[in-house]
Amino acid sequence: MYTVPVTGGTPTRLTWHPSGASVRGWTRDGKNILYASMRETAPSSYSRLWTVSKDGGPSTLVSKQWGFDGAYSPDGKQMIIDRVTRWDVEWRDYRGGQNTPLVILDLKNFDEELLPNNRETDIQPLWLGNTIYFLSDRDFVSNIWSYSPETKELKQITTFKGADIKWLDGEGNQLAFEREGYLHLLDLSSEKSTQLEISLVGDYPWAETKWEDVSKSARSASLSPTGKRAIFEARGEIFTVPAEHGDTRNITQSSGEADRTPIWSPNGDKLAWFSDKGGNGYALLIGDQDGLTEPKIYSIGESKLGWEPTWSPDGKFIAFTDDDVRIRVINLETEEIKTIDTGGNNIERGDMGLTWSPDSKWLAYAKSASNNFRQITIWSSENNSINKVTNTFADAFSPAWDLDKKHFYFLASTNLALGSGWANTSSMTADANYSVYIVNLQKDEESPFKLRSDEEEVKESKNDADEKEDEKDKKEDKGKEEDKDKDEKKDESIKIDFEDIASRTIDLPMPKRNYRQIVAGPAGSVFIGESVPNSSGLTLQKFTLKDREAKEFVSGVRSVSVSADGKKMLAKAGSSWKIMDTGGASGKDGKAIKVSLKMKLDRSLEWNQIFEEAWRYERDYFYDPNMHGRDWNKVHDRYAPLVKHIKHRADLTYILDQVNGELSVGHSFVMGGDYPETESNSVGLLGADLVAEQNHWKIQRIFTTEDWNPELSSPLDEPGLKVEDGNFIVGINGKEITANDDPFQYLDGTSGLQTILHINNKADFKEAWTITVKPIRSENALRQRTWVEDNRRKVDELSDGKLAYIWVPNTGGPGFVSFNRYFFAQQDKLGAVIDERFNGGGLLDDYMVDLMTRSLRAGLTNEVPNGKPFRLPAGILGPKALLINEQAGSGGDFFPWVFRQQNAGLLIGATTWGGLVKSSVHYSLVDGGALTAPDNAVFDPINNKWIAENEGVAPDIPVRQDAKSLENNIDPQLERAVKEVLKKVEEQGSIKVSPPPFSKPAVKK
């Protein structure tokens, strides 16, 4: 946070903690600035309100209550607070758990008064005189409302329709607000507003047209037919790059268009790509490889964009998958386009592995069946027939044709198991390994692995040799005539005998591994990409039918492609692109090509293209064709006039976020993009809470790594360091610091570097000793682990050791690990408090709830003296409760919903976020940014209703985290959960397992 004179000048930095600071206003005396920051919070970041002197120095926490925004009362003794940090601030008509009442907080005794609220979005409060003003969408458009703390009266001040009011501030008897890009002043006496006319003149260097190196964004790479040049897409432009001699060519030169997924024609004279030239959607363009002529435009009909374009070797067809996962083929001569098949689900869009046979008569791909296992499928261009090469008992993908025209390859696994339920947390238990298979396409073709035997040559007698020579001459004469006939009617087409093809499907002699890709090489060879644990990229193995074995060809590669003649390979190895000869034993000596891609970038044209594409993107990929009832053309017309005023990428993001917000749906996010480079933060942190005492900084608590957390590092917790809780940090790197100094200012530039701290057991620089530490970039992980362990210890204390505590941070990998770690380590407890507060989402849980709803099934004797019998199944079998709050959502919405549906226990806390339409990025924007168009909405088929979307999951027992409790380090939600589970334990009693009397089968009855 900075201040700058209103007359101009050099900014003065005020805050130094590496967590961000967002200005919220001033204290009433004008001496301090109010700001929100997520610093020093756990287990996940949330905002609280702080103040700092306008002249700099240490910051002071206003309250331990959450605080995203706030304003002081006229006397400075109270505040109006908006507590919750919303995940999606532009979600229009949001009614989920992160909409909480505005709170009047007494800053002396921390009493709270909640303003009336029924899940509406009430934000940006300010306090003028005896009235609180704020923005609210109570009438489904964000207008200005007021509240009187004395009379408790709510009043609507403005009544705009259509566009929301976005920003609100005020002074004296006037309010200022922004709507549709314009600033307005509102006179509170007359309640009349005036639009301000403001002219700004500036240099706007971030919007200038200039030459840009876009090499780092190179993608969609492939080779020309013989590997003389490579083709790339970068920043919405198409480039070709020489393998050795010549210069890079920018084929498209179009800042205002998006040109995507280029491919080279088999003859090498043409290029094809998808372009939104004209601004109305994508078409297929085909132009000369030198880029000097205007490309021809081919309509792709109802398709909105193409993925995996592949050109048939005879040059007559281009196949691709589209937005609806239809496989479409364009006849380039007639310009006819037809759909030959449709994928099994939208998840496989762009990942079906389309590949033409060498004779252009067949197109192979992988398509999901109704059991979610993929099948290798082949379409005939001659008779339009579709044949399955594999059945539904294996998950098969990545088809590839051998250039010998006799063989075909793919990957398959028979142990996909729970991995087929990709949306469920149980899918994380799957560990599918794949085998490489080869198919004999013709039934009379010998096995590529027929038995071989080395034998001595038998010498023949002279008479036998003469007779055989005569016979040989006769055969040669006959063969010449047959060859002549063959030449006259030579047939290069591939014959496929589909009948009994499974019996001609053979696994290559390679171990089952995590193979991810197959790429055909020269005739009789194939490249298999393996994902190796703890290695980046793929390791490519080259398998040849001649040698019957695979050998490592190259490792650490991405974006692998082979030229049409099979002789050259292009791959990205690390940060460089290399071309390798596929005929050799190794590609490690491949030659790096110089990928220097430069374009003259007109940002204004690009920003307009991004806006138009973003609007089409939501229209084309949103799960509801009716756009949640929103008139999408009106949305376009509402925001399009703002585009010409964009002068920075942040302006574009702000507009796109509002466009997405019009969908009134969760997971509607805008992210990334080309922002100007800024200085990176280098402030180091010590992993400790510091408090001002005796005019110095006292270590209140050092955060340790706790037990069994080797990935954590705590600077002050290293063995042998002479420092402990209660010591004072009186200096840093030789400079004395006092409580009037911001210690983080003195830690600027120390992240990851050895730093000297001056430590004393009293508040005095003299006689202090020094220790050397290495400050860390973030202490979030330390604070998180401490929060978890403190909660576990508190539950253990409050329950007298009877209950377990398990925190589930999300429903992805970390949540899976945390649940397994804490659930089974405490399976000797009588019950459990499961905590999903701050759950960041991920997958849809079945794994955890299935384990938590198991009941006693059996016992197993324990043969040690006085040993307790084992209980089956494993886990905590007693009562449970689940803690929820406003900062749990997505998978963190589904988890409590299914916990309740499966009668696993009570839900305690506060209503969750309310977002259960999947967050999906379908492709990136040209400048590297992205936005989601949510798809795959979750619903309850039993009650035929959507689950949690724009509602959240409400608790069975609501418990609010009040300011007084937080100030006293009390967690009322946790304590209530312990109370409720103990009550259930008492009602149900403990589960006791003891074996029956031993039987006596040897005794006659």
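# Helix 6, its surroundings and other local features

Good morning. I begin with one residue: Asp790 has a relative accessibility of 28%, so it counts as partly exposed. Please keep in mind throughout that the model before you is a predicted one.

Which residue forms a salt bridge with Asp790? The partner is Arg793, and the closest N and O atoms of the two lie 2.9 Å apart. Both residues belong to helix 6 and are 3 residues apart, which means that about one helical turn separates them. As a general point, an α-helix has 3.6 residues a turn, so residues three or four places apart point the same way. Arg793 is itself partly exposed, because its relative accessible area of 35% falls between the limits of 20% and 50%.

Let us now take helix 6 as a whole. It covers residues 780–798, 19 residues in number. From the first C-alpha to the last it reaches 27 Å, close to the 27 Å expected at 1.5 Å a residue. Its buried residues are Leu782, Arg783, Arg785, Thr786, Trp787, Val788, Glu789, Asn791 and Val795. What covers these buried residues? The cover includes four strands and two helices, namely strand 49 (688–693), strand 50 (696–702), strand 55 (803–807), strand 56 (831–835), helix 7 (813–825) and helix 11 (972–988). Just after helix 6, Asp800 takes a positive phi of about 55°.

One of the covering elements deserves a closer look. Strand 49 contains Asp689, whose side chain makes a polar contact of 2.8 Å with the side chain of Arg783. Arg783, you will recall, is one of the buried residues of helix 6. Is Asp689 buried or exposed? Its relative accessible area is 19%, and the limit for burial is under 20%, so Asp689 counts as buried. Leaving aside residues up to four places away in sequence, Asp689 touches Glu40, Lys698, Ile699, Gln700, Arg701, Phe703 and Arg783.

I turn next to salt bridges elsewhere. How many are found in the whole structure? The search finds 60 salt bridges. In general terms, side chains of opposite charge can pair when their charged atoms come close.

Consider Arg603 and Glu212, which form a salt bridge with their closest N and O atoms 3.0 Å apart. This pair links distant parts of the chain, since Arg603 is in helix 2 (residues 603–621) and Glu212 in strand 19 (residues 210–213), 391 residues apart. Arg603 and Glu212 are both buried.

Another salt bridge joins the side chains of Asp620 and Arg619, at 2.8 Å from N to O. Asp620 has 18% relative accessibility and therefore counts as buried, whereas Arg619, at 34%, counts as partly exposed. Salt bridges can also be linked together: Arg92, Asp93, Asp164, Arg630, Arg638 and Glu662 form a network of them.

The next topic is strands. In general, strands of a sheet pair through backbone hydrogen bonds, either parallel or antiparallel. An open sheet of 4 strands has the order 7-8-9-10, and its pairing is antiparallel. Strand 7 (69–72) and strand 10 (112–114) stand at the edges with a single partner strand each, so one side of each has no neighbour in the sheet. From one strand to the next, the twist averages 20°. Strand 9 (residues 103–106) is joined to strand 10 by 3 bridges, and Val103 stands opposite Leu114 of strand 10.

Two hairpins share strand 44. Strand 43 (residues 549–562) pairs with strand 44 (residues 568–573) in the antiparallel sense over 4 bridges, and Arg558 has Lys572 as its bridge partner in strand 44. This hairpin has 5 residues between the strands, and Gly566 in the hairpin takes a positive phi near 80°. Strand 44 also pairs with strand 45 (residues 576–581), again antiparallel, over 6 bridges. In that pairing Ala573 stands opposite Ser576 of strand 45. The second hairpin has 2 residues between its strands, and Gly574 in the turn has a positive phi of about 65°.

I close with Thr321, in strand 29 (residues 317–322). Its relative accessible area is 0%, so Thr321 is buried. Residues up to four places away in sequence excepted, Thr321 touches Leu305, Gly306, Trp307, Glu308, Arg326, Ile327, Gly350, Met352 and Leu354. Thank you for your attention.

Terms used:
Residues are numbered from 1 along each chain as its sequence is written. This is a predicted model: local features need pLDDT of at least 70, side-chain atom pairs count only at pLDDT 80 or more; totals for chains, interfaces and linings use all residues. Side-chain values use heavy atoms; hydrogens and water are left out. The expected span of a helix is 1.5 Å times one less than its number of residues. Buried means under 20% relative accessible area, exposed over 50%, partly exposed in between (1.4 Å probe, protein chains only). Contact means heavy atoms within 4.5 Å. Two strands pair if DSSP finds at least two bridges between them. Axes are lines fitted to C-alpha atoms, for helices over the stretch in contact, and angles run from 0 to 180 degrees between N-to-C directions. A polar contact is a pair of N or O atoms within 3.5 Å; within protein, one must be able to donate a hydrogen and the other to accept it, and residues adjacent in sequence count only if both atoms are side-chain atoms. A salt bridge is a side-chain nitrogen of Lys or Arg within 4 Å of a carboxyl oxygen of Asp or Glu.
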